[in-house]
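Subject: Structure handover

Hi,

I am passing this structure on to you, and my notes on it follow below. Have a look at the sequence and the fold, then read on.

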Amino acid sequence: MRRDLALAALLWAVLTGVGEALLVAFDFQPSALSDKGERIKDAVSILAYFAMPVLALVLAGLVYSVVRFRGRGPEEEGTPIRAGIVPWIWLGATSALAFTIMLYPGLWGTVEVAKGSSSQSLTVQVEGLQWTWLVHYPGQGLKNQRELVLPVGQEVTIEVTSRDVLHSFWVPALMMKIDAIPGTVNRITFTPQEADSYANNPLLRLQCAELCGLSHARMVIPVRLVEKQEFLNWVEQQKR
Ligand SMILES: [Cu+2]
């Protein structure tokens, strides 16, 4: 019994090591192009690191039991084993893990991601309608753009609303999403991190994420993240 426990524990340690190494070696998430997207990505990574030993423990127990205690012909049931202290250790360890995750990334991360706009924010209005998006830049005097262009390194606040039914503002590459509701303005604030465009990165698109009718899936416009000077040039161009 001692030996079985030791072998299963060894298997657990090896599986945990391999699993954590794989998580470090392979970035399984797409890159986040906004500051808050980075926080969300971090949160998913932390959850994965915490979950790996739990997955490894279940796998180790399962695989070891299946191989070692395989039935080999008719046998009598053994005497039940008293669990002793093990369930209490299990309860304590998993509670500690769960509590840590609730605090960070749970509570702390949510506060960071929900942070509102500062006075430096560039305001952009995005309006959903069946089945496209219109982008307005009130500070720049630009209206009805069919492309979401944002300056890199500049905090932006997107004011999202809808003209008809429920839509949802979603840019996968920014990892930002918020409902577009008729008669209501929802705000989302973030800072784009690096220049890129839909032509190069298909995740850089403004996609409707709320089933809104027949052409919902085609309710997409391109997103472009550009350097500040290029943004100013683009604004001048659009005004002409
Ligand atoms: Cu839709």
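Gln207 has Val220 in E11 as its bridge partner. That pair belongs to the contact between E10 and E11, two antiparallel strands joined by 3 bridges. Please bear in mind throughout that this is a predicted model.

Gln207 also has Trp170 standing opposite. This second pairing brings in E6, which runs antiparallel to E10 and is joined to E10 by 2 bridges.

Where do the side chains of strand E10 point? Across residues 205–208 they alternate: Leu206 and Cys208 are buried and point to one face, while Arg205 and Gln207 point to the other face and are not buried. That fits the general rule that side chains in a regular strand alternate between the two faces of the sheet.

Just before E10 comes a residue you may like. Tyr198 sits in the loop that connects strand E9 (196–197) to E10. Is Tyr198 buried or exposed? Tyr198 is buried, because 20 other C-beta atoms lie within 10 Å, and a residue counts as buried from 20 such atoms upwards. Setting aside neighbours within four places in sequence, the contacts of Tyr198 are Leu204, Arg205, Pro222, Val223 and Arg224. Ala217, by comparison, is 19 residues from Tyr198 in sequence, and their C-alpha atoms are 17 Å apart in space.

On to strand E1, which pairs with two other strands. With E5 the pairing is parallel and covers 7 bridges; within it, Leu122 has Val156 as its partner. With E2 the pairing is antiparallel and has 5 bridges, and there Gly128 is matched with Trp133. E1 and E2 make a hairpin, with 2 residues between them.

Several of these strands come together again in the largest nonpolar core, which has 27 residues. Which of them touch the most other members? They are Val126, Leu148, Ile158, Val171 and Leu174. Among the elements that give two or more residues to this core are strand E1 (122–129), strand E5 (156–162), strand E6 (167–171) and strand E11 (220–226). As a rule, nonpolar side chains in soluble globular proteins tend to be buried together. One core member, Leu174, has contacts with Leu33, Ser34, Gly37 and Phe190, once neighbours within four places in sequence are left aside.

Now for the chain as a whole. It has 4 helices and 11 strands. The domain assignment splits the chain into domain 1 (2–68 + 85–113) and domain 2 (122–239). The centres of the two domains, over C-alpha atoms, are 36 Å apart. Their contact involves 9 residues from domain 1 and 13 residues from domain 2. On the domain 1 side, the touching residues comprise 4 nonpolar, 2 polar and 3 charged.

What about the overall dimensions? The C-alpha atoms fill a box of roughly 85 × 35 × 30 Å along the principal axes. The radius of gyration is 26 Å, whereas a compact globule of 240 residues would come near 18 Å. Buried residues account for 19% of the 240 residues. Of the contacts with a separation of 6 or more, 73% are between residues 24 or more positions apart.

Happy reading, and all the best

Terms used:
Residues numbered from 1 in each chain as written. Predicted model: local features only at pLDDT ≥ 70, side-chain atom pairs only at ≥ 80, totals over all residues. Domains from an automatic or database assignment. Contact = placed C-beta atoms within 7 Å. Nonpolar A, V, L, I, M, F, W, Y, C, P; charged D, E, K, R; others polar. Rg over C-alpha atoms; globule rule 2.2 N^0.38 Å. Buried ≥ 20, exposed ≤ 12 C-beta atoms within 10 Å, placed from the backbone. Core = buried A, V, L, I, M, F, W, Y, C linked by C-beta atoms within 7 Å. Pairing = 2+ DSSP bridges.
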